[in-house]
Amino acid sequence: MKRLIYILAAAFALSTSCKEYLDIKPYGQTIPKTADEFSSLLNSTLNKIDYGEEYIIGNITSTAYLECYADNLEASLTTYPEGDYIPICVSVHLSDKQMNYRWLYECIRDCNIVIGNLEERDTRLGMDVLGTAYALRGVCYYELMRQFCEAYDADRADKQLGVPLVTEFDMESKPLRSTLSQTADQAINDLKEALKYDIQGEIYRFNNDVVTGYLARACFWSERYDEAVVYADQVLTKYPLLNGEAYRNMLASQVQRTGNMIFKSGILTTTGDQTGNDAIKKYLEKRPISKSFIDLFAEGKKDIRYDISIGSKRVFKKNIFACLRSAEMCLILAESYYHLGNEEKALEYLNLLRRNRIEGVEDYTTTTLPAVNTADRIQVDARGNALTPLIYAILNERRKELFLEGDRWFELKRNGCPEFWVSKKSFKYTTQKFMYTYPLYLKDTELVEGLIQNPGYENVE
């Protein structure tokens with residue numbers, strides 16, 4: 001633990017406060033005037049997403065790292081020296097996570113400039129630009145909530161720490177942390193506002209389908225399950241589940257967005273980028289798939305995901321994606337109905353997914369659901385309740401379906417933040433509960449009086 005604190009302290013000392021990225025107006029430049037000029041503020045971020053940025057949507061490297069922090073891969077069986085190029089656990093990257101904070105707020109700054117100053121709001125271009133600004137700001141607050149706040153607890157969200165809410169370009173503002181409920185409100189309200197502008201331009205990427213998918217995600221994360229059902233159903237209705245070769249072909253495309261993949265980063269990957277992507281995948285191959293993941297495939301190769309995901313010698317086969325696709329919406333529907341007390345609908349969507357993935361599978365009933373594995377890393381659900389066979393089956397299907405898409409780490413966080421340890425060269429590395437929530441910039445907590453650091457990092461100097 002002392003070693004971690006020293007690493008964090010050194011990184012904090014070298015960091016630039018995110019306050020600067022929120023406030024500083026470039027010298028010698030003026031606020032844009034036309035919608036086209038305002039568009040250029042957002043195009044830089046959109047371009048980074050298309051080429052695979054790691055902070056807002058994620059890319060192959062950041063997604064691979066999330067898999068390294070979690071338990072789909074067996075960290076203790078990593079082969080070295082190649083395995084030195086990937087993290088053994090989250091603790092070795094905690095200081096780096098401050099960069100996520102910096103870039104998310106930098107994007108929010110640009111969105112605030114657009115929202116606060118764009119006058120051309122009635123033209124198609126103006127609506128696209130303004131809608132994209134709201135969409136991007138909503139996505140950024142959603143990511144800030146997932147990464148820099150504790151897992152959402154609806155019973156005490158009005159007391160949990162959120163993040164500073166910055167909705168105007170104000171060089172004098174020094175906001176303190178909101179509540180987690182207020183942070184969720186900000187993300188959801190921004191995304192709802194984006195829907196009003198019905199973004200049409202393809203280059204802006206965040207059309208209503210994408211925004212609706214993110215609304216389902218944000219409502220689901222913040223335990224607003226009744227709303228999550230509405231948005232997830234809209235997306236799944238428009239993008240029905242694929243199966244067979246159509247499903248296989250969608251996941252076989254590393255760069256192109258195909259099938260019912262609604263949103264994807266890195267669709268303009270260059271040759272140089274691909275070389276880097278191939279390298280991280282090569283290093284990741286030095287970490288075998290965990291037995292606990294393989295054991296989920298009770299139907300073996302009848303489950304199409306088995307051959308897509310698992311190669312010989314427990315080496316992964318599936319492409320690594322940072323994306324949004326409709327299967328996630330089906331899983332959101334299943335779990336949301338479960339938490340709403342409607343087990344019949346929860347089973348309906350669980351079985352819908354399984355029928356599209358497992359050849360000849362029989363639907364689960366309440367009496368045929370497998371028993372909960374008491375050795376599983378997740379032992380409680382998102383509401384802190386003991387797992388039942390139904391929610392356990394839903395979580396297992398999610399784990400199989402979204403393998404190598406950066407989901408499992410946040411599932412561990414959402415469902416109890418379990419502590420676990422792995423070994424590397426005779427050293428023990430423990431993922432402690434507080435590490436699921438990343439640290440804020442130390443410099444921010446020093447410059448802004450009253451700004452509270454996340455638990456576990458308060459004594460860093």
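# Questions on a predicted model

User: In which helix is the place of asparagine 351?
Analyst: This is a predicted model, and every answer here concerns that model. Asparagine 351 has its place in a helix that spans residues 343–355, and that helix is α15.

User: Is asparagine 351 buried or exposed?
Analyst: Leaving aside neighbours within four places in sequence, asparagine 351 is in contact with Asp363 and Tyr364. A residue counts as buried when its relative accessible area is under 20%. The relative accessible area of asparagine 351 is 6%, so this residue is buried.

User: What is the mean pLDDT of the chain, and over which residues is the pLDDT below 50?
Analyst: The mean pLDDT of the chain is 92, and 93% of the residues reach 70 or more. One stretch has a pLDDT below 50, although in the model it has 62 contacts beyond near neighbours in sequence. Where pLDDT is low, the predicted coordinates should not be read in detail. The stretch in question is residues 1–28.

User: How many aromatic pairs does the structure hold, and what kind of pair do tyrosine 69 and tryptophan 409 form?
Analyst: The structure holds 19 aromatic pairs. For tyrosine 69 and tryptophan 409, the ring centres lie 5.6 Å apart and the planes stand at 70 degrees, which is over the 60 degrees needed, so this pair is edge-to-face.

User: How many residues apart are tyrosine 69 and tryptophan 409 along the chain?
Analyst: Tyrosine 69 belongs to helix α4 (residues 60–69), while tryptophan 409 belongs to helix α17 (residues 408–414). Both of these residues are buried. Their pair links distant parts of the chain, since the two residues are separated in sequence by 340 residues.

User: Which residue forms an aromatic pair with tryptophan 221?
Analyst: Tryptophan 221 lies in helix α8 (residues 208–221), and its partner lies in helix α17, 189 residues apart from it. The pair is edge-to-face, with 6.2 Å from centre to centre and 80 degrees between the planes. Tryptophan 221 and its partner are both buried, and that partner is phenylalanine 410.

User: Which residue has its charged end over the ring of phenylalanine 410?
Analyst: The charged end sits 3.8 Å from the centre of the ring of phenylalanine 410, and it belongs to arginine 146. In another place, the ring of phenylalanine 297 has a charged end over it, 5.2 Å from its centre, and this one belongs to lysine 400.

User: Why do the buried residues of α10 line one face of the helix?
Analyst: Helix α10 (residues 244–252) has as its buried residues Tyr247, Met250 and Leu251. What covers them includes β3 (261–264), α13 (304–309), β4 (323–325) and α16 (389–401). Seen down the axis of α10, these buried residues line one face because they fall within an arc of 90 degrees.

User: Which helix gives the most to the largest nonpolar core?
Analyst: The largest nonpolar core has 133 residues, and those touching the most other members are Ile57, Leu144, Phe206, Tyr214, Leu284 and Trp409. Apart from this core lies another, of eight residues, among them Met250, Met261, Ile304 and Phe321. With 13 residues, the helix that gives the most to the largest core is α6.

User: Is lysine 313 buried or exposed?
Analyst: Lysine 313 is found in the loop between α13 and β4, and its phi is near 55 degrees, a positive value in a residue other than glycine. Its relative accessible area is 78%, so lysine 313 is exposed.

Conventions: Residues numbered from 1 in each chain as written. Predicted model: local features only at pLDDT ≥ 70, side-chain atom pairs only at ≥ 80, totals over all residues. Heavy atoms only, no water. Phe/Tyr/Trp six-rings, centres within 6.5 Å; stacked < 30°, edge-to-face > 60°. Helix = DSSP H or I, 4+ residues; strand = E, 2+ residues; numbered from the N terminus. Buried < 20%, exposed > 50% of the residue type's maximum accessible area, 1.4 Å probe, protein only. Lys NZ or Arg CZ within 6 Å of the ring centre and 35° of its normal. Arc of directions from axis to C-beta. Contact = heavy atoms within 4.5 Å. Core = buried A, V, L, I, M, F, W, Y, C linked by side-chain atoms within 4.5 Å. pLDDT = per-residue confidence, 0-100.
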